[in-house]
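User: Could you take one part of this model and walk me through it slowly? I'd like to know what surrounds it and how it sits in the rest of the chain.

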Amino acid sequence: MARVVKVFVTLRNHWKKSTVAALALSYGGNWLYGKHCDNLLRREACLAARVRWIILYNYMPQPKKATVILNPAACSGKANNLFEKNAAPILHLAGVEVTLVKTDYEGQAKKLMELMEQTDMLIVAGGDGTLQEVITGMLRRADQDSFSKTPIGFIPLGSHNSLSESLHILSDNQVKHITSATLSILQGETVPLDVLQIQGEKEQPVFALMGLQWGAFRDVTTTIKKYWYLGPLKTKAAHWFSTLREWPQVRKASVSCLAPTPRPPDTPEQKTQRPNLLYRIVHRLKNYWYPPVPEPPKVEEPEKWEERMLSTLELSIHTQNKNPVQKVSKPNRYLKHGRAGFYNIDNEEYEAVPVEVRLLPRKLRFFCSAERKQQLLTQVL
């Protein structure tokens with residue numbers, strides 16, 4: 001009892017040191033507990049991948065080949081460590097033959113896609129910028145019609161992962177978010193996504209999955225980081241100072257668009273069976289004796305463009321990839337002209353020049369979680 005009293009007396013006499021020590025122990029214990037929970041999440045994901053490989057082993061005599069495009073500079077240089085700890089073990093335990101390609105500088109992913117050979121699946125490990133470079137390089141290829149059928153997986157490792165909300169169930173825990181995204185690739189569930197083709201007057205087209213943003217709100221977003229010292233008030237401060245510098249914050253643009261057209265039906269590709277020999281012989285004889293009459297050439301109607309002059313704070317052209325299976329009618333092409341400035345195309349900055357924006361419906365297929373796909377299908381019903 002005397003020892004207990006002595007300890008309390010010591011803590012009371014040195015209450016400042018005791019408070020600092022208690023805070024340090026509390027922080028250290030919380031940090032260690034978080035690391036323990038992360039390790040449990042990794043272990044659970046690895047066990048799920050191992051069980052899946054054992055179940056499918058008899059049906060997959062040859063391991064699937066996956067090419068991973070990794071941007072080590074994403075997430076302030078932490079992307080490589082995040083991938084090696086959370087995603088790579090899951091892929092290897094699932095029996096996937098991984099070819100890892102790391103980018104060294106901005107724009108390299110586009111060049112790598114021009115040289116990449118056909119693979120069973122393509123995995124992008126990075127953020128919005130890496131994903132945009134990969135799809136742009138893919139759709140610039142001469143054989144993009146066949147190469148674009150390769151399913152794409154997205155492992156969110158960047159500071160901005162806009163598409164992850166559409167493909168995976170979001171989580172506040174970064175480790176859980178990465179491991180669940182990796183497991184969704186192994187499940188094999190895919191969903192079609194729209195793509196925007198943004199073409200300037202001289203440059204090659206840029207492709208986007210989310211959309212194009214231009215205007216006052218976009219300009220303010222780029223200045224928020226300057227007011228980091230204001231903490232939670234930095235966003236309001238950026239808007240306030242921007243309003244003081246420029247009022248009214250009006251952007252003028254000329255937009256031309258085509259009338260809405262119905263989206264093509266989402267029907268799976270079916271291989272037609274070759275007819276039997278007797279049918280082919282009869283068909284050829286019939287064409288020989290009664291040659292078919294050629295149809296008159298169809299007269300193409302001129303495109304009816306509708307031009308509008310806009311004066312607005314913000315102009316955005318976006319896809320419906322947040323609900324990618326919803327079948328709606330929408331304009332399939334825009335022509336936009338505006339004053340000097342900058343665009344945001346999938347959170348990447350581009351110089352604002354006159355561009356043509358064309359919608360490519362369901363151009364690419366992305367791996368997604370079964371839960372997310374079911375939710376998207378339910379929203380349509």
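The part to look at is helix α6 (residues 128-139), with its partners taken up before some spots elsewhere in the chain.

Analyst: A quick word on ground rules first. This is a predicted model, so local features need pLDDT of at least 70 and side-chain atom pairs count only at pLDDT 80 or more, while totals for chains, interfaces and linings use all residues. Residues are numbered from 1 along each chain as its sequence is written, and side-chain values use heavy atoms, with hydrogens and water left out.

For orientation, the chain holds 13 helices and 14 strands; helices (H or I, at least four residues) and strands (E, at least two) are DSSP runs, numbered from the N terminus. Of its 381 residues, 38% count as buried, where buried means under 20% relative accessible area, exposed over 50%, and partly exposed in between (1.4 Å probe, protein chains only). Among contacts with a separation of 6 or more, 79% come from residues 24 or more positions apart, with contact meaning heavy atoms within 4.5 Å.

Now to α6. The helix has 12 residues and reaches 16 Å from its first C-alpha to its last, close to the 16 Å expected at 1.5 Å a residue; that expected span is 1.5 Å times one less than the number of residues. How much of α6 is covered? Mostly: 12 of its 12 residues are buried. Charged side chains are on that buried list too, including Asp 128 and Glu 133, alongside Leu 131, Ile 135 and Leu 139.

Asp 128 is worth a stop. Asp 128 sits in α6 and counts as buried because its relative accessible area is 7%. Beyond residues up to four places away in sequence, Asp 128 touches His 160, Asn 161, Ser 162, Leu 163, Asp 346 and Asn 347.

Next, the helix that α6 crosses. The axes of α5 (residues 108-115) and α6 come within 8 Å and cross at roughly 35°. Axes here are lines fitted to C-alpha atoms, for helices over the stretch in contact, and angles run from 0 to 180 degrees between N-to-C directions. The crossing is right-handed, a word used when the near helix is turned clockwise from the far one by less than a right angle, with anticlockwise being left-handed. On the α5 side Gln 108, Ala 109, Lys 110 and Met 113 take part, and they meet Glu 133, Val 134, Thr 136, Gly 137 and Met 138 of α6. By class, this contact has 4 nonpolar, 3 polar and 2 charged residues (Ala, Val, Leu, Ile, Met, Phe, Trp, Tyr, Cys and Pro are nonpolar; Asp, Glu, Lys and Arg charged; the others, Gly among them, polar).

Another neighbour comes from a loop. Asn 71 lies between β1 (65-70) and α3, and its C-alpha is 6.7 Å from that of Thr 130, although 59 residues separate the two in sequence. Asn 71 counts as buried because its relative accessibility is 19%. Leaving out residues up to four places away, its contacts are Ala 79, Thr 103, Ala 125 and Thr 130.

Ala 79 takes us to α4, where Ala 79 is one of the buried residues, along with others such as Leu 82, Phe 83 and Asn 86. Helix α4 (residues 79-93) has 15 residues and reaches 20 Å, close to the 21 Å expected. A kink of about 40° lies at Ala 87, shortly before the proline Pro 89; such a bend is the angle between axes fitted to the seven residues ending there and the seven starting there. After α4 comes Gly 95, with a positive phi near 80°.

Positive phi turns up outside glycine too. Most residues other than glycine have a negative phi. Ser 76 has a phi of about 60°, sits in α3 (residues 74-77) and counts as exposed because its relative accessible area is 72%. Arg 362 has a phi near 50°, lies in strand β14 (residues 355-367) and counts as buried because its relative accessibility is 15%.

One last spot: Leu 167 in α8 (residues 164-167) has a relative accessible area of 1%, so it counts as buried. Its C-alpha lies 7.2 Å from that of Phe 367, 200 residues away in sequence. Contacts of Leu 167 beyond four places in sequence include Phe 154, Val 191, Phe 366 and Arg 372.
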